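Hi everyone, thanks for coming. I'd like to walk you through a model that's probably new to most of you, so let's get it up on the screen.

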2 protein chains.
Amino acid sequence: MQLRRLDQELEKLKSMLLEMSVLVEAAVSSSITALVEQDRNLAEEVLRTEKRVNQMELAIDHHAISLLALQQTMASDLRLITSSLKINTQLERMGDLGATIAREARDLMDEPIVEPRIDIPRIASLVQSMMRGALDSYVARDAEVAAGVLAADDAVDRLRTSFVTELSSFMQREPGKIRQALRLLTVVGSLERIADHSTNIAEDVLFYVRGVDVRHRVETPANFDTPAK
Amino acid sequence: MQLRRLDQELEKLKSMLLEMSVLVEAAVSSSITALVEQDRNLAEEVLRTEKRVNQMELAIDHHAISLLALQQTMASDLRLITSSLKINTQLERMGDLGATIAREARDLMDEPIVEPRIDIPRIASLVQSMMRGALDSYVARDAEVAAGVLAADDAVDRLRTSFVTELSSFMQREPGKIRQALRLLTVVGSLERIADHSTNIAEDVLFYVRGVDVRHRVETPANFDTPAK
């Protein structure tokens, strides 16, 4: 196999991951629209997408592992491949969470919209911008964009905390609507997890681009020895 | 590097992952005890463990990637290494979830125990047995034990659904205790996610042992081409 061929296969790995990310991004976005606009068809469409995302995850893992088997990879190729394996896992989970939101949207289809539901698009829009940033940083190998994603995670946590405080007052005022409120809590919890996955992707991108592991903000992976070459 | 040396390094990868799993298992178990027995010291101990788990994650990734760089790996080694990378990510998340439970336990330290808290150990004990099964199956390369973990996931989902139903009636009866109830919901949600991660590990073990991808229960990773050797 020529080196050029390996480069082509690495490009293909990236474009497979990109194709999957476009699908997942659309699923999350549609799930929120389905919830806010009570659009049943859109919720069903998201649930159909889930299977396609699952198949893509398998195909991407398969492709990545077959590239490792070629054993013609340099350090930077290895970082690209192992980061792609990790990002693939994150994307599949994000797709699952989009489906979770779509299921809640479906179950809330005929219920009157209560006040806390109005706050959800604001949280969703921040989470979606993190998601987009994480994937853009992967495609463009852009460490600065990836670092911006990490910075946004705290804002999502704050929005979620204030949402839960408001929701718990709402439930005290309207005990008859507690079931609906719990469904909205699941939606916001899913959005928070999508934000966490975006953060994880941004960390993987920083590792891939810079060769530096920014997770857990420690300098050296202490206490374990690493093998001699 | 001799082949025997590679085997030693692969054994070391497994034992690093095992060491981490022992720590994570203890953290999850202690977080539940801290919650049920209102043990503040134990909750603090779990929160201290989190940092150690994070460092182990970095060290294991580092070791696994350095083994890939040796480029003397056969297909079954590759499956072991890539599965270990995935299991590593799952374990770190489980450690985070143990810390989440410990934080809720700390915040509920001085509150009188309410009825739904009593159900939590039953759910926890099932989840912990899944976790143990997943890790045992990795150590023993035992596909049967791994398959048993997959089968238990539905039971956890059922327990969680009935917990949420009971909890929502409880909140309607006792609106003054809604905040406490929401904390318990976070605990049970965390346990459910630990069960999900256990399932993911069991799937990775099946891939590693059998070379067959059982995720999403499809036969072939359709629609994408894979590179020719």
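Let me start with a question: which residue forms a salt bridge with Arg183(B)? It's Asp107(B), and the closest N and O atoms in that pair are 3.3 Å apart. Before I go on, keep in mind that this is a predicted model.

So where do those two sit? Arg183(B) is in helix α6 of chain B and Asp107(B) is in helix α3 of chain B, so the salt bridge ties together parts that are 76 residues apart in sequence. As for exposure, Arg183(B) is partly exposed, at 30% relative accessible area, and Asp107(B) is partly exposed too, at 40%. Over in chain A, Glu104(A), Asp107(A) and Arg183(A) are linked in a network of salt bridges.

Over all chains, the structure holds 26 salt bridges. Another one pairs Glu19(A) with Arg52(A), with the closest N and O atoms 3.5 Å apart. That one links distant parts of the chain, from helix α1 to helix α2 of chain A, 33 residues apart. Glu19(A) is partly exposed at 39%, and Arg52(A) is partly exposed at 26%.

Okay, on to how the two chains meet. Here, 58 residues of chain B are in contact with 58 residues of chain A. Between them the chains bury about 5,500 Å², and 63% of that is on carbon and sulfur atoms.

How many salt bridges cross this interface? The rule finds two. In one, Lys86(B) pairs with Asp61(A), with the closest N and O atoms 2.9 Å apart. In the other direction, the side chains of Lys86(A) and Asp61(B) meet in a salt bridge, again at 2.9 Å from N to O. Lys86(A) lies in helix α3 of chain A and Asp61(B) in helix α2 of chain B, so this pair joins two chains. Are these two residues buried or exposed? Both are buried.

There are also six residue pairs in polar contact between chain B and chain A. On the side of chain B that touches chain A, α2(B) gives the most, with 16 residues. By class, that side has 24 nonpolar, 18 polar and 16 charged residues.

One last stop, away from the charged pairs: Ser190(A), in helix α6 of chain A. Ser190(A) counts as buried because its relative accessibility is 3%. Leaving out residues up to four places away in sequence, Ser190(A) touches Leu97(A), Thr100(A) and Ile101(A).

That's my tour, happy to take questions.

Conventions:
Residues are numbered from 1 along each chain as its sequence is written. Chains are lettered from A and ligands numbered from 1 in the order in which they are written. This is a predicted model: local features need pLDDT of at least 70, side-chain atom pairs count only at pLDDT 80 or more; totals for chains, interfaces and linings use all residues. Side-chain values use heavy atoms; hydrogens and water are left out. Contact means heavy atoms within 4.5 Å. Buried area is the accessible area (1.4 Å probe) that two parts lose on being put together, summed over both. A salt bridge is a side-chain nitrogen of Lys or Arg within 4 Å of a carboxyl oxygen of Asp or Glu. A polar contact is a pair of N or O atoms within 3.5 Å; within protein, one must be able to donate a hydrogen and the other to accept it, and residues adjacent in sequence count only if both atoms are side-chain atoms. Helices (H or I, at least four residues) and strands (E, at least two) are DSSP runs, numbered from the N terminus. Ala, Val, Leu, Ile, Met, Phe, Trp, Tyr, Cys and Pro count as nonpolar, Asp, Glu, Lys and Arg as charged, and the others, Gly among them, as polar. Buried means under 20% relative accessible area, exposed over 50%, partly exposed in between (1.4 Å probe, protein chains only).
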